[in-house]
Amino acid sequence: MALRMLTRRDHSRAELQRKLLRRGFDTAAVAEVLERCRQLGYLDDRRYAEQLARSLAGSGRAVGRRLELELKKRGIESSLVEQACAAVDARTDRGNLISDLAARRYPGFDYARADDARRRRVVNFFLRRGFPLGEILAALNSER
């Protein structure tokens, strides 16, 4: 069962453990299977954290604090979360990411000409994804 789950997509150790226990497998058997998967290289929290962080940040779905929370929610330990987030932050140009995402999500949006309600909607969209307010306003104001 664990291999079948891992062939569909990577999982963190905690995530896979929860799924197996929820399906009624014995705790000792689950621990043994997880260790065997780790030994064979099928289960690697570091690889999973880095891959997920790149995916979430690259698509603009989560950056900064939101990215940390998403990784922790999947059961990844804090040190691996910090490493993955630091690696992604070093490679991500948030200004360009905000500009690209705004162009796709809100085509024709012009911060200078938009009314207050539309500005709030767009800014809140980026805030929910973890972008800092200063970076959001700088990116949206520079799109002239």
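## Surface patches and salt bridges in a predicted model

Leu3, Leu40 and Tyr42 together make a nonpolar surface patch of about 290 Å². One of these residues, Leu3, lies in helix H1, and with a relative accessibility of 46% Leu3 is classed as partly exposed. Since patches draw on residues with over 30% relative accessible area, Leu3 can take part because its value is 46%.

The structure described here is a predicted model, and a word on its confidence is useful before going further. Across the chain the mean pLDDT is 94, and 99% of the residues reach 70 or more. Among the elements of the chain, helix H8, which covers residues 116-128, has the highest mean pLDDT, at 97, whereas H1 has the lowest, at 86. As a general caution, predicted coordinates should not be read in detail where pLDDT is low.

**The positive patch**

Helix H1 also contributes to a second kind of surface feature. Arg4, Arg8, Arg18, Arg22 and Arg23 form a positive surface patch, to which helix H1 (2-8) and helix H2 (13-22) each supply at least two residues. Arg22, one of the members of this patch, is found in helix H2 and is exposed, with a relative accessible area of 64%.

The loop between H1 and H2 holds Ser12, and here the picture is one of burial: Ser12 has a relative accessible area of 0% and is therefore buried. Which residue is 5.2 Å from Ser12 in space, C-alpha to C-alpha, although 33 residues apart from Ser12 in sequence? That residue is Asp45.

**Salt bridges**

The model contains 10 salt bridges when a side-chain nitrogen of Lys or Arg has to be within 4 Å of a carboxyl oxygen of Asp or Glu. Three of them are set out below, each with its nitrogen-to-oxygen distance.

| Salt bridge | Distance, N to O |
|---|---|
| Glu68 and Arg65 | 3.0 Å |
| Lys73 and Glu70 | 3.4 Å |
| Arg113 and Asp110 | 2.7 Å |

Why are Glu68 and Arg65 separated by about one helical turn? They are 3 residues apart in helix H5, which spans residues 64-73, and so about one helical turn lies between them. Lys73 and Glu70 are likewise placed in helix H5, and because they are 3 residues apart there, about one helical turn separates this pair as well.

The accessibility of the partners in these bridges can be followed residue by residue. Glu68 is partly exposed, with a relative accessible area of 26%. In the bridge between Lys73 and Glu70, Lys73 is exposed at 55% relative accessible area, whereas Glu70 counts as buried at 13%. The bridge between Arg113 and Asp110 also joins an exposed residue to a buried one, since Arg113 has a relative accessible area of 74% and Asp110 has a relative accessibility of 17%. The values for Glu70 and Asp110 lead to the word buried because this class takes in residues under 20% relative accessible area.

Is Glu70 linked to other residues in a wider arrangement, and if so, which residues make up the network of salt bridges? The network links Arg66, Glu70, Lys73 and Arg74, so that the bridge between Lys73 and Glu70 has both of its partners within this network, with Lys73 exposed and Glu70 buried.

Key
Residues are numbered from 1 along each chain as its sequence is written. This is a predicted model: local features need pLDDT of at least 70, side-chain atom pairs count only at pLDDT 80 or more; totals for chains, interfaces and linings use all residues. Side-chain values use heavy atoms; hydrogens and water are left out. Patches are made of residues with over 30% relative accessible area and no salt bridge: like charges are joined within 9 Å, nonpolar side chains (Val, Leu, Ile, Met, Phe, Trp, Tyr) within 5 Å. Accessible areas come from the Shrake-Rupley method with a 1.4 Å probe; for residues, only the protein chains shown count as cover. Lys and Arg count as positive and Asp and Glu as negative; His and the chain ends are not counted. The place of a charge is taken as NZ of Lys, CZ of Arg, CG of Asp or CD of Glu. Helices (H or I, at least four residues) and strands (E, at least two) are DSSP runs, numbered from the N terminus. Buried means under 20% relative accessible area, exposed over 50%, partly exposed in between (1.4 Å probe, protein chains only). pLDDT is the predictor's confidence in each residue, from 0 to 100.
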